[in-house]
Amino acid sequence: MTPNLKYSNISKFQVSEFILMGFPGIHTWQHWLSLPLALLYLLALTANILILIIINQEATLHQPMYFFLGVLAVVDMGLATTIMPKILAILWFSAKAISLPECFAQMYVIHCFVAMESGIFVCMAIDRYVAICKPLRYPAIVTDSFVVKVTVFMALRNSLATIPVPVLAAQRHYCSQNQIEHCLCSNLGVTSLSCDDRTINSIYQLLLAWTLMGSDLALIFLSYALILHSVLKLHSAEAASKALSTCTSHLILILFFYTVIVVISITHNAAMTLPLVPVLLNVLHNVIPPALNPMVYALKNRELRQGLYKVLKMDKEN
């Protein structure tokens with residue numbers, strides 16, 4: 001009877017806040033990571049703001065491909081800003097406490113922005129498919145109306161599909177442990193502290209990954225497979241090279257984005273032996289792409305480079 005009564009008393013208690021401990025296993029010197037993370041965050045904000053300024057100022061960049069790039073820049077800044085201020089507060093000021101509503105809100109925004117980034121990659125892949133495989137019909141298919149509709153659809157899809165993640169997490173009962181061995185409120189990290197069954201949370205997380213990320217990846221793969229098939233039929237090597245060059249930057253970012261997601265999923269199973277690895281990868285996945293995306297596009301795209309030179313008042317042509 002005594003153990004049951006003790007459990008009953010504990011189960012009635014609900015924690016009022018979570019404690020984000022930071023990077024597991026390196027708590028004593030994790031503050032040294034604040035400098036590279038702060039620089040990455042500053043780089044992400046600066047580079048994406050520059051991309052938006054360039055696209056806005058250059059009339060030649062008022063095209064669907066660059067509109068999607070602009071949306072991607074906004075999403076990247078939103079994703080980085082969702083997590084980095086809190087991480088830096090943990091590392092600099094030991095501000096580890098976070099209320100339950102704040103934690104669940106951060107969880108939702110992270111899932112929403114990551115899904116939105118995946119959706120924008122799909123839009124960009126479809127845009128390149130139409131431009132390369134159906135160039136004569138491109139102006140009729142990829143219109144301003146089409147661009148707005150597909151962007152709104154992706155925003156609605158991702159904002160609605162990710163709502164159950166924090167809702168289900170908030171329905172769990174957190175009665176004893178409130179220390180999260182993480183820098184942010186990840187769904188699995190938070191719900192692992194619950195005192196009741198969290199099977200539904202794990203099932204929905206898996207379902208969300210397969211339906212959203214899985215379908216996005218399948219569409220991207222199909223688009224680039226059709227692009228490659230179309231390019232290989234070109235008789236001119238120069239034309240084929242030019243067609244593929246427009247897709248190179250997309251492929252680099254897409255491969256990095258989805259590869260890291262797969263690695264995080266695999267290493268999560270090894271979290272008991274190497275808890276630092278999935279946490280570090282999760283943080284880097286949310287801050288490196290926002291810093292990397294604009295630089296890859298600027299390096300691989302001549303129009304963006306020329307726009308950058310104009311914004312920076314540099315007299316260059318290439």
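Is Cys 103 buried or exposed? Select Cys 103 to find out: with a relative accessible area of 0%, Cys 103 is buried, where buried means under 20% relative accessible area, exposed means over 50%, and partly exposed lies in between (1.4 Å probe, protein chains only).

Before going further, note that this is a predicted model, in which local features need pLDDT of at least 70 and side-chain atom pairs count only at pLDDT 80 or more, while totals for chains, interfaces and linings use all residues. Residues are numbered from 1 along each chain as its sequence is written, and side-chain values use heavy atoms, with hydrogens and water left out.

**The disulfides**

Keep Cys 103 selected and add Cys 185, since these two form a disulfide with their sulfur atoms 2.0 Å apart; a disulfide here is a pair of cysteine sulfur atoms within 2.5 Å. The pair links distant parts of the chain, 82 residues apart, with Cys 103 in helix α4 (residues 100-133) and Cys 185 in the loop between β3 (179-180) and α8 (187-191). Helices (H or I, at least four residues) and strands (E, at least two) are DSSP runs, numbered from the N terminus. Looking along the link of Cys 103 and Cys 185, you will find -125° about the S-S bond, which is left-handed, and Cys 185 is buried as well, with a relative accessible area of 1%.

Next select Cys 175 and Cys 195, which are joined by a disulfide with an S to S distance of 1.7 Å. Cys 175 lies in the loop between α7 (164-171) and β3, and Cys 195 in the loop between α8 and α9 (199-232), so the pair ties together parts that are 20 residues apart in sequence. The link of Cys 175 and Cys 195 is left-handed, with -110° about the S-S bond. Cys 175 counts as buried at 5% relative accessibility, whereas Cys 195 is partly exposed, with a relative accessible area of 26%.

A search of the whole structure finds two disulfides, and they follow the pattern 1-3, 2-4 when bonded cysteines are counted along the chain.

**Cysteines without a partner**

Move on to Cys 112, which is in no disulfide and whose nearest cysteine sulfur, that of Cys 123, is 14 Å away; at 16% relative accessibility, Cys 112 counts as buried. Then select Cys 247 together with Cys 133: why is there no bond from the sulfur of Cys 247 to that of Cys 133? The sulfur of Cys 133 is the closest cysteine sulfur to that of Cys 247, but at 8.6 Å it is too far for a bond. Cys 247 is buried, with a relative accessible area of 1%.

**A pocket to look into**

From Cys 247, turn to the second largest pocket, where about 300 Å³ of space lies. Of the 14 residues that line this pocket, the closest to its centre are Met 65, Tyr 66, Thr 246, Asn 301 and Glu 303, so select these five to find the place. A pocket is an open set of points on a 1 Å grid over the protein atoms alone, with protein on both sides within 12 Å along at least five of seven lines, and its lining residues have an atom within 4 Å of a point. The volume is the space filled by probe spheres set on the points, which are joined across faces, edges and corners. Finish by colouring α10 (237-268), one of the elements that give two or more residues to the lining; α10 gives the most, with four residues.

Notes
On a 1 Å grid over the protein atoms alone, a cavity is a set of points where a 1.4 Å probe fits but cannot get out, and a pocket is an open set with protein on both sides within 12 Å along at least five of seven lines; lining residues have an atom within 4 Å of a point.
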